[in-house]
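Biologist: Could you take me through this model? I'd like to go piece by piece.

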Amino acid sequence: MKTITIHPVTRIEGHAKITLHMNKDGQVQDARFHVTQVRGFEKFCEGRPFYEMPSLMARICGICPVSHLVASAKACDALMSVRIPKTAAKLRYILHLGQMIQSHALSFFHLSSPDLLLGMDSDPALRNIVGVIQAHPELAKEGIALRKFGQQVIEWLAMERIHPQWIVPGGVNRPLASEDRDRILSEIPAARDITLRTLGLLKSILDQFEDEAEHFGNFPSLYLGITDAGGDLDFYDGNLRVMDADGSIIQDGVAPDKYSDVIGEAVEPWSYLKMPYYKPMGYPEGLYRVGPLARLNIVNKCGTPLADKEFQEYHERFGAVVESSFFFHYARLIEALHSIEKMEMLLNEPDILSKNVRAHASANAEEGVGVAEAPRGTLIHHYKVDESGAIVWANLIIATGNNNLAMNHSIQQVSKHYVDGKNLTEGMLNRVEAVIRAYDPCLSCSTHAIGQMPMRIQLIDTDGSVVDEKYRG
Amino acid sequence: MADVLIIGYGNILRGDDALGWLVADSLRKQDRPGVEVIASHQLTPEMSELVAGVNRVIFVDAREDIPPGQILVERLDPKVSSDASFSHQCDPWGLLQNARVLFGGTPTALLVGVGGEAFELSERMTQQLDQALTKVLKLVDELISDANHPHWHQNGHKGETDNA
């Protein structure tokens, strides 16, 4: 069997390679997405006081530290056995929404728009943010502005844009000042308008990508996420819901601390990224997807007016259950719009300036679980402590990890459709990358270097001789 | 509008990489008129608008490609296109390029690089960079105060200084 190896695929937020295994007819028989980096957070936090965990866990990621802060703080709240003040929950949610906006803006404008606006087969030297800036400078500026808004919300609330520490066990460490509330509210209309314009642009070009939509991770699967008590979209709190490919809810209202009844984790020798799966169906049949595509499938509605209008149009156009991973891009923008609207609603709540924003306690339970919806999907932090409150065990199910099986399946699908084993082309390479990028994994930062992602592909015959070889970067 | 923007960046949990952040953190506490200071974990795309809005920019960063303790001041040419990795993380050349293309700003820019020795996980810098901090602060202070400092008018793009 011939093997085509794409390595390295990534840098910084994760390192990975892709192997395409060809049969004797030159067709892709199997494809694997190998994550080649170990972070080790679950291990090196052992022995730390539980109250340090949010600050430590925020360092897992430079793009979505707030999601880790939220999930970690909620796990600590459970360890403390406290119910945090309502205002504190709302403030945490506002910070989290700021992150959703900046992360989704980053994903769309900086990582994905080059493919969508310049074309999958365009010159790789220009198929990047520099090319977008040259071809669509106003759009590039709007992308920067939208991300800046999200980052500024985080900075105004938490005093740091990256690895903020405002969210703490028991709540937040200071109330919201009226001037900060007013500052954020004044910026919301511009952010909303940018998002609506971008949605309009994306909707207008989707028909150009019919082939990609057909073959980019377009397969029936389960979908998983948290919803609020009414089954609506909620990034901060809720219970787990699982939907099948036909749109039936097969499990609902699962409390976060029961996640292990629903989610199992497998490991494969060829990747450091775990393979979560829906436990009742076993591995690997229990493949499920999380993140924007999944969330907009499992919820009844977003719960904010403009986003719900877009939500309705999205499902009318692509079905009650949207299957193609290509439409992560579309779902992501709807979520960005919802985040802006939801932020405005929360900021206008009468108790948002309350000074009561923190509950205080020591560890009162041996175990705590916190779940949140990160930009990339469901995020779970599970801690166990000893009598002194020191961490003795931690399990993290990272959003991107939930999609690992699906990403592998998507690579198989896209490579089987596009890869000609006898004749490698750059456009094929880009589509393999692009399907991963649709999931917006933390790896995607490193799968989209400016110009060209360094890549070497070899087509090796059964006798070990190199039949074809292509370099890029 | 500020005259000078200082951006000191680096990971404060990675040993010597903290230097840029610590320099900026010290400077922003001074709250000098006409000087805006950013202490950041990394350079991000939205900084390009800030860069475009000032006359002079000073980036401060610890670097692996300079001998430990040595300070290297480079004038950054905004006309040079940079092969920047532009996702959530940028480099100074990328920021300058986008400041020019998107926002029409062409500040004079310097990169004050300090050779670091250890970039592994650590809450402390090495002794050498601890000692360099004062010297770097003095240098940046001179660069802020004197728009005619020779470094601002370097013809080639590198000007070495003394070891820290």
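Modeller: Let's begin at a helix start. A side-chain oxygen of D91(B) reaches to within 3.2 Å of the backbone nitrogen of W93(B), at the start of α3(B). Keep in mind that this is a predicted model, where local features need pLDDT of at least 70, side-chain atom pairs count only at pLDDT 80 or more, and totals for chains, interfaces and linings use all residues. Residues are numbered from 1 along each chain as its sequence is written, chains are lettered from A and ligands numbered from 1 in the order in which they are written, and side-chain values use heavy atoms, with hydrogens and water left out.

Biologist: How far apart are the end C-alpha atoms of helix α3 of chain B?

Modeller: The helix (a DSSP run of H or I, at least four residues, numbered from the N terminus) covers residues 92–103. The expected span is 1.5 Å times one less than the number of residues, so its 12 residues should span 16 Å. The computed distance agrees with that: 15 Å.

Biologist: What phi does G104(B) take?

Modeller: G104(B) comes just after α3(B). Its phi is positive, at about 70°.

Biologist: Over in chain A, which helix gives the largest nonpolar core its largest share?

Modeller: A nonpolar core is a set of buried Ala, Val, Leu, Ile, Met, Phe, Trp, Tyr and Cys residues joined through side-chain atoms within 4.5 Å. The largest one has 114 residues, and I94(A), Y314(A) and F326(A) are among those with the most contacts inside it. The largest share, 13 residues, comes from residues 86–118 of chain A, helix α4.

Biologist: Y277(A) and Y283(A): which of them is buried and which partly exposed?

Modeller: Those two rings form a tilted aromatic pair, 5.5 Å centre to centre with 55° between the planes. (Rings of Phe, Tyr and Trp, its six-membered ring, pair if their centres lie within 6.5 Å; planes under 30 degrees apart are stacked, over 60 edge-to-face, the rest tilted.) Buried means under 20% relative accessible area, exposed over 50%, partly exposed in between, with a 1.4 Å probe and protein chains only. At 15%, Y277(A) is therefore buried, and at 29% the partly exposed one is Y283(A).

Biologist: What is the angle between the planes of F326(A) and F327(A)?

Modeller: Both residues are buried, and they belong to one aromatic cluster that includes Y314(A) and Y330(A). Their rings lie 5.7 Å centre to centre in an edge-to-face pair, and the angle is 80°.

Terms used. Helix = DSSP H or I, 4+ residues; strand = E, 2+ residues; numbered from the N terminus. Polar contact = N/O pair within 3.5 Å; in protein donor to acceptor, adjacent residues only side chain to side chain.
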